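Colleague: I would like to learn how to read the features of a model such as this one, feature by feature. Could we look at the general idea each time, and then at the case itself?

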Amino acid sequence: MASLRSVVQTLSTLGFNSYLPGFLNGTIYRGPLKAICLPSLNCYSCPGAVGSCPIGSLQAMAAGLAYHFSFYVFGLLMVFGVTLGRLSCGWLCPFGFLQDLLYRLPTPKFSLPNWCTKIKYVLLSGVLLIPLIPTSTGIGVLYFCQWLCPAGTLEAAIPLYFSFPPIRTAIGALFGWRILWLLAILLFVSLIYRGFCRTLCPLGAFYSFFNRYCFFRIHLYPNKCNQCGRCSAACPMELPVTAEPNHPECIRCLKCTNSCPTGAIQFKYAGHTTKEGINFEA
Amino acid sequence: MKKELVPKILLLIGITFIGFGIYQGEVMEVLQKAIQICLECIGIG
């Protein structure tokens, strides 16, 4: 039976990309909802996207001539960060969902060296700063969208390639790079759990600052914990759960709460504890 | 107590930023960019 998380991930993936005429006609949704950023990495040029990608919007606003810092987009990201934290990564992100599915493939599995998780903070800095550097046209470069975003290739470039023929005449070396990069990422995430989220996603990097201060928190009851270590063994992100329950890398999959035999790990929202015994994997 | 206050302050700052952004007219700018196919995103820009 599918876990509740898989159901929510499926619904969010379909919901965030529910503009079906876009896929059929090779167009994108142009309604007012596009003014609102989604809480996850979801390319706004995906034919089905009904909202904006926060990373794309942040870069596009910084690269433009009118505003170099978008209070609106940054404020939305802060609200998502403080209300959900990396729950967005674990439960709502379509590209995260894809990574979960690919990791189920029977490929060899590897651990991720800790230093690799720092790369995404460099990329986040680039998202905030590189678009500010004007090119000869006076407009900055959306470097992450242009060179590094596999979600854009998968959700926008490939569907539009097939549904909007004029694009085929315009593709060049960049498109080829994007396809190769996407294939490399898809292979990478089949070998390392959430490899893209952990190493390269600037949105995950942004939300990771909020995990300790988010309304959604994992709470450890030390008097109930018998140090059996099942929680850390169950954690697919390879985190020391009892040492740091609200670790910046925790995507709130809740495998730790479900694996704990004594109920020592529970989640709280805004200070309210959930009922004991809810199994999100069942 | 301090830990409970931090998210509330962050939420307040976030909402203030959103309000200021709306006041500055950023919403239309976000919309204008999002309703056009982003050439960078699809690998031809």
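**Reading the interface and the helices**

Modeller: Let us begin with polar contacts, keeping in mind that this is a predicted model. Across the interface of chain B and chain A there are 11 residue pairs in polar contact, counting those with both residues at pLDDT 80 or more.

Colleague: How many salt bridges does the rule find across the interface of chain B and chain A?

Modeller: The rule finds zero salt bridges across that interface, although a search of the whole structure gives seven over all chains.

Colleague: How should I read the size of such an interface?

Modeller: The size of an interface is often given as the accessible area lost when the parts come together. Here chain B and chain A bury about 3,400 Å² between them, with 76% of it on carbon and sulfur atoms. Of the area that chain B buries against chain A, 17% comes from B:F17, B:C41 and B:I42, which is more than any other three residues supply.

Colleague: How many residues does each chain bring to the contact, and which helix gives the most to the side of chain B that touches chain A?

Modeller: The contact takes 48 residues from chain A and 33 residues from chain B. On the side of chain B that touches chain A, α1 (2–24) and α2 (26–34) each supply at least two residues, and α1(B) gives the most, with 15 residues. By residue class, that side of chain B divides into 20 nonpolar, seven polar and six charged residues.

Colleague: Where does UniProt place a "transmembrane region" in chain B, and where in chain A?

Modeller: The unreviewed UniProt entry lists residues 6–23 of chain B under that name; in the model this span is 100% helix and 0% strand, with its end C-alpha atoms 26 Å apart. For chain A, the annotation, also from an unreviewed entry, covers residues 71–98, 119–144 and 170–193. Over residues 71–98 of chain A the model has 86% helix and 0% strand, with 31 Å between the end C-alpha atoms, while residues 170–193 of chain A have 79% helix and 0% strand, with 35 Å between the end C-alpha atoms.

Colleague: And how is a pair of aromatic rings read?

Modeller: A pair of aromatic rings is described by the distance of the centres and the angle of the planes. The count comes to 21 aromatic pairs over all chains. One of them joins A:F95 and A:F196, whose ring centres are 5.2 Å apart and whose planes stand at 80°, so the pair is edge-to-face. Because A:F95 lies in helix α6 (residues 94–103) of chain A and A:F196 in helix α11 (residues 195–199) of chain A, the pair ties together parts that are 101 residues apart in sequence.

Definitions and conventions: Residues numbered from 1 in each chain as written. Chains lettered and ligands numbered in written order. Predicted model: local features only at pLDDT ≥ 70, side-chain atom pairs only at ≥ 80, totals over all residues. Heavy atoms only, no water. Contact = heavy atoms within 4.5 Å. Buried area = accessible area lost by both parts, 1.4 Å probe. Salt bridge = Lys/Arg side-chain N within 4 Å of Asp/Glu carboxyl O. Polar contact = N/O pair within 3.5 Å; in protein donor to acceptor, adjacent residues only side chain to side chain. Helix = DSSP H or I, 4+ residues; strand = E, 2+ residues; numbered from the N terminus. Nonpolar A, V, L, I, M, F, W, Y, C, P; charged D, E, K, R; others polar. UniProt positions renumbered as here; feature names shortened; annotations may be inferred. Phe/Tyr/Trp six-rings, centres within 6.5 Å; stacked < 30°, edge-to-face > 60°.
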